[in-house]
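Thanks for coming, everyone. Please have the sequence and the structure open while I talk.

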Amino acid sequence: MNHRQPKRIWNFSAGPATMPTEVLDQLAEDLIDVDSTGIGILEHSHRQPTFDRVLGDAVESCRALGEIPKEYEILFVPGGATVQFSLIALNLIPDNATADYPDTEVWSAKAIVEARDAVPSATIAVPFEGKRYRYDHVPVEGEMTPTPGATYLHYCSNNTVHGTRFHTPPKAAPGVPLVCDASSEIFGRPMDWNKHALVYASAQKNFGVAGMSLVIAHRDLIRKPVRRLPSMFSYAVHLAAESRINTPPTFAIHAAGLMFRWMIAQGGVREIERRNDAKAALIYKEIDGSGGFYRGLSRMECRSPINVSFRLNTEELDQMFTKEATEAEFDGLAGHRDAGGIRASMYNAMSISASQALAQFMHDFAQRHG
Ligand SMILES: Cc1ncc(COP(=O)(O)O)c(C=O)c1O
């Protein structure tokens, strides 16, 4: 096998996303030999003490990082967040009941479709239709009419494609719990657990490897599904089996554990939030100071610090931007196919120097072509 000197460029991809080199180095070591067992992480049985340690550490560090109260269970579930779109509805919405799903973007729209297919007898109400506004904002006070007595209100806290974010959780009808897709911002700011019954995220943006989700849910909510379900679809069975109904995604769980510990070592969620805000400020400064050369896709008051979506004045300029950015060794900057333009995704592991480099590139590009 050829061993070459690794090369790293600036990766602004929306996910799978950049990971810290310290974590990648540890994973590389653990591929050959984890915990001095002489067996690599990919080769260990999921029923042996080494993996017990790996799983235990991942759960414990997740709880410490997210300051997750003890009444909340932590599950690692195979499949991305898209799988959760169905599982949440199947486990939680009784037949003929209603759940609220404000539509703030592509991902919440997909969650609506999946929930309707999962429980056809239920009403999936859409109390806010962001599509009407080209998804340029999330509902402001009074703009949403939640359903009294709904089973829950599902929302996407940070909208990965259009780059909007709920700065505070939406208001559901009184007594209605919140269910949150935090895929693009989990551990990027503190979570108000009192308001949330279930929070989920796929791993590949903020804590590692694609194809696995983290589900954090109040025990009382998931202890018993509202209908009989196949075991892999049931949160109660995942809980009883401690995330090991079958052979779990062992490598992804190990990577998640290392990512949680890395975030704790950086100073935890508040420090990650401070860095994310600083990274975003650099990019928004270039947008706002460009005299209209760059235009943000979202309204100022709900801009995401994680996914910064913008466009230039013509599609030709958008294309020239991504072409020149690629030549300058920036990757992943083309906008999502549903939004077009440019998108810079700066998840928890993205360094401030990467954002500084991009801000400088944007500045120089505007000088050259503005
Ligand atoms: C907010 C949000 N939800 C859900 C998903 C879907 O995740 P997955 O591809 O892991 O199913 C994504 C992926 O980009 C996302 O950004």
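**A walk through the model**

Let's start with Phe187. Phe187 counts as buried, because its relative accessibility is 5%, and buried here means under 20%. One caution before I go on: this is a predicted model.

Where does Phe187 lie? In the loop between β8, residues 178-181, and β9. Its backbone deserves a look. Phe187 is not a glycine, yet its phi is positive, about 65°. For context, most residues other than glycine have a negative phi.

Ser36 is another such case. Its phi is near 55°, again positive in a residue other than glycine. Ser36 sits in the loop between α1 and α2, the latter being residues 49-66. Is Ser36 buried or exposed? Ser36 is exposed, because its relative accessibility is 70% and the cut-off for exposed is over 50%.

One more backbone point. The peptide bond from Gly15 to Pro16 is cis, with omega near -5°. Most peptide bonds are trans. Look for Pro16 in the loop between β1, residues 10-11, and α1.

Now the ligand. Which residues are around the ligand? Going along the chain, we have Gly80, Ala81, Thr82 and Phe85, then Trp107, Cys156 and Thr160. After those come Asp181, Ser183, Ser202, Gln204 and Lys205. By class, four of the shell residues are nonpolar, six are polar and two are charged. Which element gives the largest share of that shell? Helix α3, residues 81-92, with three residues.

Next, the distances from oxygen atoms of the ligand to side-chain N or O atoms. For Lys205, the distance is 2.6 Å. For Ser202, it is 3.1 Å. For Trp107, it is 3.4 Å. As for cover, the ligand taken alone exposes 390 Å², and the protein buries 86% of that.

Stay on Ser202 for a moment. Ser202 belongs to strand β9, residues 196-202. Is Ser202 buried or exposed? Buried, because the relative accessibility of Ser202 is 4%. Now find Phe321 as well. How far apart are Ser202 and Phe321 in space? They are 30 Å apart, C-alpha to C-alpha, with a sequence separation of 119 residues.

On to Asn307. Asn307 is in strand β12, residues 307-311. With a relative accessibility of 0%, Asn307 counts as buried. Which side chains does it contact? The side chain of Asn307 makes a polar contact of 2.9 Å with the side chain of Ser345. A polar contact of 3.1 Å also joins the side chains of Asn307 and Tyr347.

Last stop, the surface. Leu31, Ile32 and Leu42 form a nonpolar patch there. Together, these three have about 310 Å² of accessible area. Take Ile32 from that patch. Ile32 is in helix α1, residues 21-32. Why does Ile32 count as exposed? Because its relative accessibility is 65%, and the cut-off is over 50%.

To recap. Phe187 and Ser36 have positive phi values. The bond from Gly15 to Pro16 is cis. The protein buries 86% of the area that the ligand exposes alone. Asn307 is buried and has side-chain polar contacts to Ser345 and Tyr347. Leu31, Ile32 and Leu42 make a nonpolar surface patch. That's my tour.

Notes. Residues are numbered from 1 along each chain as its sequence is written. This is a predicted model: local features need pLDDT of at least 70, side-chain atom pairs count only at pLDDT 80 or more; totals for chains, interfaces and linings use all residues. Side-chain values use heavy atoms; hydrogens and water are left out. Patches are made of residues with over 30% relative accessible area and no salt bridge: like charges are joined within 9 Å, nonpolar side chains (Val, Leu, Ile, Met, Phe, Trp, Tyr) within 5 Å. Accessible areas come from the Shrake-Rupley method with a 1.4 Å probe; for residues, only the protein chains shown count as cover. A salt bridge is a side-chain nitrogen of Lys or Arg within 4 Å of a carboxyl oxygen of Asp or Glu. Helices (H or I, at least four residues) and strands (E, at least two) are DSSP runs, numbered from the N terminus. Buried means under 20% relative accessible area, exposed over 50%, partly exposed in between (1.4 Å probe, protein chains only). A residue is near a molecule or strand if one of its heavy atoms lies within 4 Å of it. A polar contact is a pair of N or O atoms within 3.5 Å; within protein, one must be able to donate a hydrogen and the other to accept it, and residues adjacent in sequence count only if both atoms are side-chain atoms. Ala, Val, Leu, Ile, Met, Phe, Trp, Tyr, Cys and Pro count as nonpolar, Asp, Glu, Lys and Arg as charged, and the others, Gly among them, as polar.
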